[in-house]
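Visitor: I'd like to learn how to read a few features off a model like this one. Can we go through it together?

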Amino acid sequence: MTMPNLPKELVEEILSFVPATYLKRLSATCKPWNRLIHNDKRFARKHYDNAAKEFLVFMMRKNFRIIRRGVNLHGADPSAEVKGELTLPDPYFKNSADEFHIDRVFHCDGLLLCTSKLERRMVVWNPLTGETKWIQTHEEGDNFFLGYSQEDKNISCKKSYKIMGFYRSGSKVWEYDFNSDSWRVLNGILPNWYFDKSYKCVSLKGNTYMLAGAVTDMGFDLSLQSYDFSTEKFAPVSLPVPSQARSLNGANRLSVVRGEKLALLYRRDKRSKAEIWVTNKIDDTTEGAVSWTKVLELDLSRELHALFTSNFLVDEEKKVFICCVSWKEDEDENKSNKVYIVGEDNIVKEIDSGEDATSGCEPTILSLYVPSLVYM
C-alpha cells in the first residue's frame, strides 16, 4: 500500500476519527499503522475521545453470552438491530468451550467489568481488542464498579484504572488498583446511605455516580452520590427532585448522555408521570453543584409501568427514551428481552429481540458504549 506523504501528526489526527471497528482492520495495511493502533496508549486515548459515539444495548442470553444490539434514532422510524454476539472464554477451565458466567456488566471507557454470582473472580474486558484482565476477589461484595484516577486531568492517556466494591449496607469498601495488581480496604469512607442494585449506578469521566437512600424520621430520603477514584472520597450531588421518596426501589434510574452529562429517570409512584432530567455538562470542576433540565415527561399506560424498572437511554436532542425489559407472558415459563423506544408523543415502539432472557439476570443496557482501543 502506498502511504500518502503526510506529516505523522496529521495522519494520527485523521485516524483518530475513524470508528474503532474499521480502524482495527486498517492495522493490517502497514507496520506504522499497526504499531500506532495496537501499541500506542496515547493514540488509543485520543481515538476514544474523538470517536463517534453510538448507542448499544447489551442483553444476556440463557447461555451467559451477550447480544450486542445497535440503536438507530435517525429518521422517522427508530430501530434496533443485532450487531453480533459476545462470548468470553474462561481460561480457568480446561475445556476451551467453557465460558465465564456473566450476570452483571458495568461499562467505563469501552471496557466492560463482568462479574458472576458463581465465582469469586471478575474480569475487565475490551470486546474489540480481546484484551482481558482476570481479578481474584477475596471478599463477597454486592457491587463492583470500574473507574479511573488521573494525576493530571489535562493528559487523558495518564489514567490509572481501578475497581471499587462494597456491600449495599455497611462501612467496608475495597479498591483494586490495576498498577499494583492488589486490593486494599478503605475504611470509613462509605456514607451512611443504603446503596441499591448496580443498575442505579453509572460511570462518567472516571467517577462512579450512584443513587442511594436512607431511612429518616420523615420517611425515606433519596440521594445521589459520586465516588472519585482520584481522591477516594464520596460526595453528594444535587438532585432536581424532592429528596423524600417512598423507597429506593421506586422508578429512579441513572444514565449518561453522550459521555458528558447525567440523566435521571424519576417517578414518584405508578400513578405519576415519569420525568427525565439531564444535567449540564459535567467537568472536572463541577463537584456536587450541577444544574438540571427536564427534557421529557412520559405518561404511559399502567400496563407499561415495567418500562420504569429497567436501565434506560435518552437522546436529549431527539427527545427519545429507550429501555430494555424482560417480559414473561402469563403462561410462558421463559422471559424474553424487548427494547422499547418512546418519544414525546408517548407512542411506544416495541422491538422483540427474539432472545430469551437469562434466568436471574436483568437485561443490561449501556448508557453509552464506544468500541475502544483503550489499554488497561
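Visitor: Let's start with Leu6: what does its relative accessibility make it count as?

Guide: Anything between 20% and 50% relative accessible area is called partly exposed. Leu6 comes out at 39%, so it counts as partly exposed in this predicted model. Along the chain, Leu6 lies in the segment before α1 (8-15).

Visitor: Which residues make a nonpolar surface patch with Leu6?

Guide: Leu10 and Ile14 join Leu6 there, and the patch has about 250 Å².

Visitor: And which residues of α1 are buried?

Guide: Buried means under 20% relative accessible area. In α1 that goes for Val11, Glu12 and Leu15. They span an arc of only 100 degrees around the axis, so they sit on the same side of α1. Their cover includes α2 (20-26), α3 (31-39) and α4 (41-50).

Visitor: What does the protein chain contain in terms of helices and strands?

Guide: Four helices and 26 strands. Of its 376 residues, 52% count as buried.

Visitor: Where is confidence lowest, and where is it highest?

Guide: General idea first: where pLDDT is low, don't read the predicted coordinates in detail. Here strand β26 (residues 364-365) is lowest with a mean of 57, while strand β7 (residues 132-136) is highest at 93. Over residues 357-361 the pLDDT is below 50, though that stretch has 15 contacts in the model beyond near neighbours in sequence. For the protein chain, the average is 77, and 72% of the residues score at least 70.

How values were computed: Residues numbered from 1 in each chain as written. Predicted model: local features only at pLDDT ≥ 70, side-chain atom pairs only at ≥ 80, totals over all residues. Heavy atoms only, no water. Patch = residues over 30% accessible without salt bridge, like charges linked within 9 Å, V, L, I, M, F, W, Y side chains within 5 Å. Areas by Shrake-Rupley, 256 points an atom, 1.4 Å probe, with all protein chains shown as cover. Salt bridge = Lys/Arg side-chain N within 4 Å of Asp/Glu carboxyl O. Helix = DSSP H or I, 4+ residues; strand = E, 2+ residues; numbered from the N terminus. Buried < 20%, exposed > 50% of the residue type's maximum accessible area, 1.4 Å probe, protein only. pLDDT = per-residue confidence, 0-100. Contact = heavy atoms within 4.5 Å. Arc of directions from axis to C-beta.
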